[in-house]
Amino acid sequence: MLSRATKLVRLGRSSADLHNAVNPPVVRGSTTLFPTLAAFRASYSGVTFEVARYGRSGTSTVFELQAALADLCDAETCIATASGLSALAAVLGAHAGAGKQILIQSDVYGPTRILAETELVRQGCDVRFFETEQQLESLICSATSLVLIEIPASLTMRMIDVRSVCHVAHAHGIPVCCDSSWGTPLFFDAHGLGIDISVHAATKYIGGHSDIMLGLITGSYAALASTRDWCAHYGSTAAPDNCWLALRGLRTLEVRLQRHQATATQVATWMRDHQKIERVLFPALEEDAGYDLWKAQFSGAAGPFIVELSPCSEVDYERFIESLRLFGLGTSWGGFESLIMPAIPHNLRESKEFPAQGRLVRLHVGLEDPTDLCADLEQALEWLSV
Ligand SMILES: *Cc1c(COP(=O)(O)O)cnc(C)c1O
């Protein structure tokens with residue numbers, strides 16, 4: 001079997017052969033034309049989002065990306081959607097409903113939690129949040145239709161034991177969905193650990209250049225059946241141009257991630273040892289609470305992590321952020337450039353124990369030189385009068 005690095009170069013290029021090109025063409029289209037009535041009819045018996053039928057169910061460019069991701073993730077199939085959040089909305093929506101219960105890890109990506117607390121609850125769905133496998137087990141009941149986890153959790157960087165979550169849920173016949181965006185298919189083998197439905201915000205590392213919005217859902221045909229129907233019925237669709245850019249991003253995913261990992265580890269270690277830093281939440285650091293689970297479940301660490309500054313005034317905190325030159329102030333991560341944003345997990349979590357005292361920021365370490373990044377952080381940290 002080919003390694004994932006080799007697969008990244010080869011996958012998703014079958015339609016390029018028709019044009020004697022290296023890359024597949026971008027096929028944009030609303031209408032699909034058929035040579036015969038029989039071919040037109042046949043398109044309606046194929047799997048939605050895998051056969052050319054009408055633009056809403058995809059073109060060859062979308063199919064190329066989906067097939068590449070499915071192969072890379074050792075999954076049967078993949079569905080592309082307009083954004084990472086729309087992919088999560090599709091999975092949640094497909095499993096929600098009056099009389100059903102959905103169990104969600106408490107510190108998931110903020111918009112995922114908001115979606116569950118508003119739209120799912122409005123449908124009459126019972127939404128409950130859990131922190132540990134023990135809490136999960138105690139909440140499971142006959143109405144439970146889905147368990148949703150995210151690893152590491154967006155703003156707490158908390159690691160959960162995926163195998164044991166799957167063990168608990170599967171014992172009751174309940175599917176588990178995981179937001180796998182941080183690890184990407186290269187560092188995190190979601191399906192190998194037992195996950196039924198894996199979601200990637202391809203907006204982040206798969207796109208890799210901060211210029212697209214895209215979501216990808218992988219799993220078996222059976223696990224994705226209701227999600228596929230939901231996407232078809234609600235008109236969920238991914239733009240061919242974005243899928244083409246995601247295919248381009250895939251080619252360099254392995255080299256980019258290796259560099260993100262090396263630089264993030266160097267910057268995180270430097271920050272951990274800095275006197276104006278209270279702590280760094282990055283599972284690849286040995287003293288991190290999630291280190292053992294990270295080692296056991298991941299083959300690498302990506303670029304975003306959380307830093308708790310030593311207690312300081314609001315003015316100092318703002319000056320620190322605004323005086324950085326190499327870290328742009330903005331949401332998101334996964335692009336080639338470094339970013340910083342204020343992190344406020346206590347707004348998103350029931351648990352009161354977090355954060356401790358200092359103020360939090362989330363860094364995304366890009367592809368810049370780590371020495372330059374540390375020098376930039378050093379000059380900005382001088383604003384903190386600790
Ligand atoms: C960004 C992100 C999403 C949402 O993806 P979009 O493409 O921005 O909608 C979902 N989950 C995680 C963990 C993310 O970081």
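Q: Which helix gives the largest share of the lining of the largest pocket?
A: In this predicted model, α4 (84–95), α5 (110–122) and β11 (339–342) each supply at least two residues of that lining. One of these elements stands at the top with three residues, and that is α4.

Q: What is the volume of the largest pocket, and which residues are the closest to its centre?
A: The pocket encloses about 540 Å³. Its lining is made of 33 residues, and the ones closest to the centre are Y109, S154, K204, W333 and R362.

Q: How many nonpolar residues are in the lining of the largest pocket?
A: It helps to split the lining by class. Five of its residues are charged and nine are polar. The nonpolar class has 19.

Q: How many salt bridges does the structure hold, and which residue pairs with D241?
A: The count for the structure is 11 salt bridges. In one of them, the closest N and O atoms are 2.9 Å apart, and the partner of D241 is R28.

Q: Why does the pair of D241 and R28 tie together parts of the chain, and how many residues apart are they in sequence?
A: D241 belongs to helix α10 (residues 240–251), while R28 sits in the loop between α1 (4–10) and α2 (37–43). Because the two partners come from these two places, their salt bridge ties together parts of the chain whose separation in sequence is 213 residues.

Q: Is R28 buried or exposed?
A: Let's take both partners of this salt bridge. D241 has a relative accessible area of 29%, which makes it partly exposed. For R28 the value is 59%, and the cut-off for the exposed class is over 50%, so R28 counts as exposed.

Q: Which strands hold E308 and R279?
A: These two residues form a salt bridge, with the closest N and O atoms 2.6 Å apart. The pair links distant parts of the chain, 29 residues apart. E308 is in a strand that covers residues 304–309 and R279 in one that covers 277–281; in that order, the strands are β9 and β8.

Q: Is E308 buried or exposed?
A: Its partner R279 has a relative accessible area of 30% and is partly exposed. For E308 the value is 1%, and residues under 20% belong to the buried class, so E308 is buried.

Q: Which residues do shared salt-bridge partners join into one network?
A: One link is the salt bridge between D273 and R272, where the closest N and O atoms are 2.9 Å apart. D273 counts as exposed at 54% relative accessibility, and R272 as partly exposed at 33%. Through shared partners, the salt bridges form one network of R272, D273 and E287.

Q: Which residues does a cis peptide bond join?
A: The place to look is the loop between β4 (144–150) and α7 (162–171), where P152 lies. The omega angle of the bond is about -15°. The residues joined are I151 and P152.

Q: Where is D74, and what is its phi?
A: D74 is found in the loop between α3 (60–72) and β1 (77–81). With 44% relative accessible area, D74 is partly exposed. Its phi is positive although D74 is not a glycine, with a value near 50°.

Q: What is the phi of S210?
A: S210 is part of the loop between β6 (197–201) and β7 (215–219), and is partly exposed at 46% relative accessible area. This residue is not a glycine, yet its phi is positive, at about 55°.

Definitions and conventions. Residues numbered from 1 in each chain as written. Predicted model: local features only at pLDDT ≥ 70, side-chain atom pairs only at ≥ 80, totals over all residues. Heavy atoms only, no water. Salt bridge = Lys/Arg side-chain N within 4 Å of Asp/Glu carboxyl O. Helix = DSSP H or I, 4+ residues; strand = E, 2+ residues; numbered from the N terminus. Buried < 20%, exposed > 50% of the residue type's maximum accessible area, 1.4 Å probe, protein only. 1 Å grid on protein atoms, 1.4 Å probe; cavity = no way out; pocket = protein on both sides within 12 Å on 5 of 7 lines; lining within 4 Å. Points joined across faces, edges and corners; volume = space filled by probe spheres on them. Nonpolar A, V, L, I, M, F, W, Y, C, P; charged D, E, K, R; others polar.
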